Amino acid sequence: MASGKKNTVGIVTDLVRPITDELGLDLWDVRFEKEGSIWYLRVFLDKEEGVNIDDCENVSRRLSPILDEVDPIAQSYTLEVSSPGIGRDLRRPEHFDAFLGADIHVRLIRPVNGERDFIGQLISYEDGKVTLRLDDDLEMTAGMDETAFVRLYEEIDMGGLK
């Protein structure tokens with residue numbers, strides 16, 4: 001930012017990172033978003049062996065009083081601390097680096113040839129552009145500004161349920 005002033009996500013990231021570092025957790029993402037009339041401050045944690053409820057509780061219990069003291073958010077909000085999950089959003093360069101070669105789901109904002117959803121292997125991420133190899137061995141590149149989301153793709157067997 002030109003002014004050097006951090007936004008809410010930047011401030012909260014700075015507040016939570018020492019906690020996650022001390023607890024041996026990776027800070028996957030921080031989001032401050034509105035759904036309906038409610039604001040949510042979402043902190044996503046990760047670790048190699050997987051995040052459990054105790055990890056989330058430990059971060060939440062330590063972060064909550066710091067947020068109350070620093071008071072970086074003017075309006076009321078709900079704090080959520082969780083794992084990014086199997087179908088986690090890939091948003092930052094380090095996310096893409098960690099999952100090169102993995103299957104991803106890209107949803108475009110505007111359809112291309114009538115299609116918005118593409119599933120393929122993550123080939124690269126450079127300069128805000130994601131490239132994936134589709135089933136027919138074609139490569140597709142899309143700018144992040146053209147996507148609604150980019151997520152890890154994991155086909156889940158629902159035991160015959162759809």
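## Strands 6 and 7

Strand 6 and strand 7 (residues 139-143) run antiparallel and are joined by five bridges. The model is predicted. Across this pair, Leu 132 faces Met 140 of strand 7 as its opposite residue. The two strands form a hairpin with five residues between them. Asp 137 sits in that turn with a positive phi of about 65°.

## Strands 5 and 6

Strand 5 (residues 115-126) pairs with strand 6 (residues 129-133) in the antiparallel sense, over five bridges. Gln 121 stands opposite Arg 133 of strand 6. These strands also make a hairpin, with two residues between the strands. There, Asp 127 takes a positive phi near 50°.

## The five-stranded sheet

Strand 4 (residues 103-112) pairs with strand 5 in the antiparallel sense. Six bridges hold that pairing. One bridge partner can be named: His 105 is matched with Ile 119 in strand 5. Strands of a sheet pair through backbone hydrogen bonds, either parallel or antiparallel.

The full sheet is open and has five strands. Its order is 7-6-5-4-8, and the pairing is antiparallel. Strand 7 and strand 8 (147-152) stand at the edges. Each has a single partner strand, so one side of each is left without a neighbour in the sheet. On average, neighbouring strands of this sheet are turned by 40° against each other, direction ignored.

## Thr 147 in an edge strand

Thr 147 belongs to strand 8. Strand 8 is an edge strand. Is Thr 147 buried or exposed? Its relative accessibility is 9%, so Thr 147 counts as buried, the cut-off being under 20%.

Which residues does Thr 147 touch, not counting those up to four places away in sequence? They are Val 106, Arg 107, Leu 108, Ile 109 and Ala 142. Of these residues, Val 106, Arg 107, Leu 108 and Ile 109 fall in strand 4 (residues 103-112). Ala 142 falls in strand 7 (residues 139-143). The Thr 147 side chain also reaches the backbone oxygen of Met 144, at 2.9 Å.

## Helix 1

Helix 1 (residues 8-22) has 15 residues. From first C-alpha to last, helix 1 reaches 22 Å, close to the 21 Å expected at 1.5 Å a residue. Helix 1 has a kink of about 35° at Val 16. The kink lies shortly before the proline Pro 18. At the start of the helix, a side-chain oxygen of Asn 7 comes to within 3.3 Å of the backbone nitrogen of Val 9. After the helix comes Gly 24, with a positive phi near 75°.

The buried residues of helix 1 are Gly 10, Val 12, Thr 13, Leu 15, Val 16, Ile 19 and Thr 20. Val 16, the site of the kink, is thus listed among the buried positions. An α-helix has 3.6 residues a turn, so residues three or four places apart point the same way. The buried residues of helix 1 pack against strand 1 (26-35), strand 2 (38-46) and helix 2.

Thr 20 of helix 1 gives a close view of this packing. Its relative accessibility is 0%, so Thr 20 counts as buried. Leaving aside neighbours within four places in sequence, Thr 20 contacts Leu 25, Leu 27, Leu 45 and Val 59. Val 59 is one of the buried residues of helix 2.

## Helix 2 and the loop after it

Helix 2 has 18 residues. Its span from first C-alpha to last is 25 Å, close to the 26 Å expected at 1.5 Å a residue. Asn 52 caps the N-terminal end. A side-chain oxygen of Asn 52 lies 2.9 Å from the backbone nitrogen of Asp 54. The buried residues of helix 2 are Asp 55, Cys 56, Val 59, Leu 63 and Leu 67. They pack against helix 1, strand 2 and strand 3.

Asp 71 follows helix 2, and its phi is positive, near 55°. Asp 71 lies in the loop between helix 2 (53-70) and strand 3 (78-82). Why does Asp 71 count as exposed? Its relative accessible area is 55%, and exposed means over 50%. Asp 71 and Arg 92 are 21 residues apart in sequence. In space, C-alpha to C-alpha, Asp 71 and Arg 92 are 26 Å apart.

Definitions and conventions. Residues are numbered from 1 along each chain as its sequence is written. This is a predicted model: local features need pLDDT of at least 70, side-chain atom pairs count only at pLDDT 80 or more; totals for chains, interfaces and linings use all residues. Side-chain values use heavy atoms; hydrogens and water are left out. Helices (H or I, at least four residues) and strands (E, at least two) are DSSP runs, numbered from the N terminus. Buried means under 20% relative accessible area, exposed over 50%, partly exposed in between (1.4 Å probe, protein chains only). Two strands pair if DSSP finds at least two bridges between them. The expected span of a helix is 1.5 Å times one less than its number of residues. The bend at a residue is the angle between axes fitted to the seven residues ending there and the seven starting there. Contact means heavy atoms within 4.5 Å. A polar contact is a pair of N or O atoms within 3.5 Å; within protein, one must be able to donate a hydrogen and the other to accept it, and residues adjacent in sequence count only if both atoms are side-chain atoms. Axes are lines fitted to C-alpha atoms, for helices over the stretch in contact, and angles run from 0 to 180 degrees between N-to-C directions.
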